[in-house]
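Here is a set of short exercises with worked solutions, made for reading with the viewer open. Try each task on the structure before you look at the steps below it.

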Amino acid sequence: MSSNPLRHALSRMGGRDPHEKHRTATPLELFFDLTFVIAFGVAGSQFAHAVAEAHFWPGLLAFSFAMFAVIWAWINFTWFASAYDTDDWVFRVVTMVQMVGVLILAMGIEPMFHSIIEGRHVDNVTIVLGYIIMRVALIFQWLRAARQDPERRETCLRYAKYVAIVQIGWVVVLLVDASVLTTFLVATPLFIMEMAAPYFAEREIRTPWHAHHIAERYGLLAIIALGECLIGAIETLRAIVATHQWSVDAALVGLSGTGLAFAMWWIYFILPSGPALHVQRHRSWVFGYGHMPVFAAIAATGAGLHVAAYFIDHEAHIPAAAAVASIALPIILFKISLTTLYSIMLGLEREHLVSSALVVLGLAGSIALAAAGASVPVCMLEMMLVLGLSIAYDERRGHKGRAAALRRLENAAG
């Protein structure tokens with residue numbers, strides 16, 4: 001970092017202190033994250049439209065592809081910035097280039113959805129173009145770090161090499177004019193290589209990322225994704241008011257939609273990510289990748305609330321149970337993913353597992369209620385109450401096991 005915070009002169013990229021006090025997200029990182037608001041929004045709206053049109057499986061495939069592309073782009077930047085953010089003018093300009101790449105990627109999500117739903121080859125030309133721009137910028141950053149951080153030179157060079165190789169692979173896949181199934185079979189090794197690259201790059205010397213900073217960054221992206229849930233809740237409320245004016249159902253949707261987003265926020269931050277990751281730096285791979293289904297589930301919940309709006313507007317070609325399932329199933333995935341991550345980071349706790357199982361059963365019950373004839377607003381209220389009860393239980397008893405687990409980890413780390 002520059003010694004003069006009022007001037008962004010060129011600084012040596014020698015690696016940040018992983019134990020730096022009061023390390024927080026920078027304004028540039030927050031600005032960078034705004035591009036992902038757009039990406040999450042486009043992916044969620046396209047998925048909602050596909051589900052409402054009864055194209056669930058191709059829609060899910062396209063949504064999964066989009067979520068991997070979006071979240072992986074964010075992960076690449078976030079872990080590098082945690083280790084090597086200099087906040088000088090070069091770092092800022094290169095980050096702007098990466099932001100342009102994210103916006104281009106977001107533009108490619110809609111044509112990719114259409115191509116998969118229509119059963120043609122996967123149209124990911126624009127997405128790959130966005131990735132090329134982001135990857136060229138990221139390779140430049142890794143090469144700069146390799147030159148200015150001699151201690152981790154080989155690690156940085158391996159990152160630059162692996163990023164370049166995988167990106168070449170995506171360009172090759174782009175040139176293959178094949179069916180959707182063939183395209184994904186060819187792309188599967190590239191997904192694996194993407195996720196394996198950090199493990200092999202850091203097998204000898206690790207980059208100096210900051211645990212509390214990483215935890216904060218992941219929390220901020222969760223909040224951004226939850227914003228899509230609030231937008232979905234407003235869309236559902238608007239649909240009811242437009243059709244039936246203000247009514248009890250409208251009040252239930254407004255309360256439940258907001259309550260679901262708020263409950264997911266509360267549940268996400270139950271895990272003390274910063275302290276747990278700080279004393280278990282070897283869990284970085286699990287922590288980083290374990291959040292991918294969490295973020296995707298949050299975005300899918302927002303899409304599900306959009307589906308509810310389509311259903312209430314009589315624009316959906318699915319039954320009420322399917323509309324409710326489009327909300328309940330992503331929340332179930334969210335809860336299961338977080339419980340798994342919690343158990344890995346803090347250890348297995350019987351009470352936490354039992355509580356999570358009851359939440360899953362309660363959420364599944366909302367789908368059964370819809371199939372039995374309950375209205376969508378009532379089913380949304382039931383889901384909110386289930387999450388609310390789990391939060392109340394955690395505030396009453398769950399925190400004790402969490403505190404004990406953290407003490408054990410801190411004692412083991414010395």
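**Exercise 1. The second largest cavity**

Find how much space lies in the second largest cavity of this predicted model, and work out which residues and helices line it.

*Solution.*
- Step 1: The volume of the second largest cavity comes to about 70 Å³.
- Step 2: Its lining is made of Phe32, Ala73, Asn76, Phe77, Gln98, Tyr131, Met134, Arg135 and Leu138.
- Step 3: Now assign these residues to elements. At least two lining residues come from H2, and at least two from H4. H4 gives the most, with four residues.
- Step 4: Sort the lining by class. Six residues are nonpolar, two are polar and one is charged. Since Asp, Glu, Lys and Arg are the residues that count as charged, look for the charged member among those types; Arg135 is on the lining list.

**Exercise 2. The largest cavity**

Count the cavities of 30 Å³ or more, then describe the lining of the largest one.

*Solution.*
- Step 1: The count gives three cavities of 30 Å³ or more.
- Step 2: The largest cavity holds about 120 Å³ of space.
- Step 3: Around the largest cavity you will find Phe65, Phe68, Ala69, Trp72, Asn124, Ile127, Val128, Tyr131, Trp170, Phe191 and Glu194. Helix H2 (56-84), helix H4 (125-148) and helix H6 (180-201) are the elements that give two or more residues to this lining.
- Step 4: Which helix gives the most to the lining of the largest cavity? The answer is H2, with four residues.
- Step 5: By class, the lining of the largest cavity has nine nonpolar residues, one polar and one charged.
- Step 6: Compare the two residue lists. Tyr131 lines the largest cavity, and Tyr131 also lines the second largest cavity.

**Exercise 3. A nonpolar patch on the surface**

Name the residues that make a nonpolar surface patch of about 560 Å², then take a look at Met96.

*Solution.*
- Step 1: The patch is made by Leu10, Trp89, Val93, Met96, Val97 and Val100.
- Step 2: Place Met96 in the fold: this residue lies in helix H3 (residues 89-117).
- Step 3: Check the accessibility of Met96. Patch members need over 30% relative accessible area, and Met96 has 49%, so Met96 is over that cut-off and counts as partly exposed.

**Exercise 4. Two histidines with positive phi**

Where do His22 and His314 lie, and are they buried or exposed?

*Solution.*
- Step 1: Start with the backbone. His22 has a positive phi of about 60 degrees, although this residue is not a glycine. For His314, too, phi is positive at about 60 degrees, again without the residue being a glycine.
- Step 2: Locate them. His22 sits in the segment before helix H1 (27-52), while His314 belongs to the loop between helix H10 (284-312) and helix H11 (320-346).
- Step 3: Apply the cut-off for exposed residues, which is over 50% relative accessible area. His22 is exposed because its relative accessible area is 78%. His314 is exposed because its value is 66%.

**Exercise 5. Salt bridges**

Give the number of salt bridges, then examine the pairs Asp88 with Arg144, Arg238 with Glu235, and Glu351 with Arg397.

*Solution.*
- Step 1: The structure holds eleven salt bridges.
- Step 2: In the pair of Asp88 and Arg144, the closest N and O atoms are 2.5 Å apart. This pair links distant parts of the chain, with Asp88 in the loop between H2 and H3 and Arg144 in helix H4, 56 residues apart. Both Asp88 and Arg144 are buried.
- Step 3: For Arg238 and Glu235, the N to O distance is 3.5 Å. They are three residues apart in helix H7 (residues 211-244), so about one helical turn separates them. Arg238 is partly exposed at 38% relative accessible area, and Glu235 is partly exposed at 27%.
- Step 4: Glu351 and Arg397 meet in a salt bridge of 2.6 Å, N to O. Here, too, distant parts of the chain are linked: Glu351 is in helix H12 (residues 350-371) and Arg397 in helix H13 (residues 376-413), 46 residues apart. Glu351 is partly exposed, with 32% relative accessible area, and Arg397 is partly exposed, with 42%.
- Step 5: Finish with a network: salt bridges that share partners join Glu29, Asp33 and Arg217.

Methods. Residues numbered from 1 in each chain as written. Predicted model: local features only at pLDDT ≥ 70, side-chain atom pairs only at ≥ 80, totals over all residues. Heavy atoms only, no water. 1 Å grid on protein atoms, 1.4 Å probe; cavity = no way out; pocket = protein on both sides within 12 Å on 5 of 7 lines; lining within 4 Å. Points joined across faces, edges and corners; volume = space filled by probe spheres on them. Patch = residues over 30% accessible without salt bridge, like charges linked within 9 Å, V, L, I, M, F, W, Y side chains within 5 Å. Areas by Shrake-Rupley, 256 points an atom, 1.4 Å probe, with all protein chains shown as cover. Salt bridge = Lys/Arg side-chain N within 4 Å of Asp/Glu carboxyl O. Buried < 20%, exposed > 50% of the residue type's maximum accessible area, 1.4 Å probe, protein only.
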